[in-house]
Amino acid sequence: MAQHKHCYGTMFHDSLHFETNENMAGKVFSFEVENAGLTRSDRHVKASIPEWVECRSCEEFDHCYKLCVAKLMLETAIARR
């Protein structure tokens, strides 16, 4: 099995397991779900452009990005159940 960089597959934070009112950061993309009492009050998604530029220049970008998106799609499908 090929060795990958330590950041391989980490562009997004795990979308199934997160804490509210805390920034959940992947290498490039992050989000925060704000709760005020019992209700969700707001959601924020951010992208780190310097990290994105670094990822785009990486020789593993194409398959790393595909792996990240595949994981995100599976997490989305599971979250809907």
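The largest pocket in this predicted model holds about 340 Å³ of space. Its lining is made up of 14 residues, and those nearest the centre are Ser15, Phe31, Val33, Arg43 and Val45. Two elements, β2 and β3, each give two or more residues to that lining. The largest share comes from β2, which puts in 5 residues. Sorted by class, the pocket lining splits into 7 nonpolar, 4 polar and 3 charged residues.

Now for the strands behind that pocket. β2 covers residues 29-36 and runs antiparallel to β3, with 8 bridges joining the two. They make a hairpin with 2 residues between the strands. Glycine 37 sits in that turn, and its phi is positive, at about 75 degrees.

Two of the cross-strand pairs are worth a look. Valine 33 has arginine 43 of β3 as its bridge partner, and both Val33 and Arg43 are among the residues nearest the pocket centre. Glutamate 32, for its part, stands opposite histidine 44 in β3. As a reminder, side chains in a regular strand alternate between the two faces of the sheet.

Zooming out, the hairpin belongs to an open sheet of 3 strands, ordered β1-β2-β3 and paired antiparallel. β1 (24-25) and β3 are the edge strands with a single partner each, so one side of each has no neighbour in the sheet.

How many of the 9 residues of β3 are buried? The number is 0, so this strand (residues 39-47) lies largely in the open.

On to the cysteines. A disulfide is a covalent bond between the sulfur atoms of two cysteines. With a cut-off of 2.5 Å between the sulfurs, the count here is 0 disulfides. Two of the cysteines are set out below, each with its closest cysteine sulfur and its relative accessible area.

| Cysteine | Closest cysteine sulfur | Sulfur distance | Relative accessible area |
|---|---|---|---|
| Cysteine 55 | Cysteine 7 | 6.0 Å | 7% |
| Cysteine 68 | Cysteine 64 | 4.2 Å | 3% |

Why is there no bond from cysteine 68 to cysteine 64? Their sulfurs are 4.2 Å apart, which is too far for a bond. The story repeats for cysteine 55, because its sulfur lies 6.0 Å from that of cysteine 7, again too far.

Burial is easy to read off too. Cysteine 68 counts as buried at 3% relative accessibility, and cysteine 55 is buried as well, at 7%. The cut-off behind that call is under 20% relative accessible area.

Conventions. Residues numbered from 1 in each chain as written. Predicted model: local features only at pLDDT ≥ 70, side-chain atom pairs only at ≥ 80, totals over all residues. Heavy atoms only, no water. Buried < 20%, exposed > 50% of the residue type's maximum accessible area, 1.4 Å probe, protein only. Helix = DSSP H or I, 4+ residues; strand = E, 2+ residues; numbered from the N terminus. Pairing = 2+ DSSP bridges. 1 Å grid on protein atoms, 1.4 Å probe; cavity = no way out; pocket = protein on both sides within 12 Å on 5 of 7 lines; lining within 4 Å. Points joined across faces, edges and corners; volume = space filled by probe spheres on them. Nonpolar A, V, L, I, M, F, W, Y, C, P; charged D, E, K, R; others polar.
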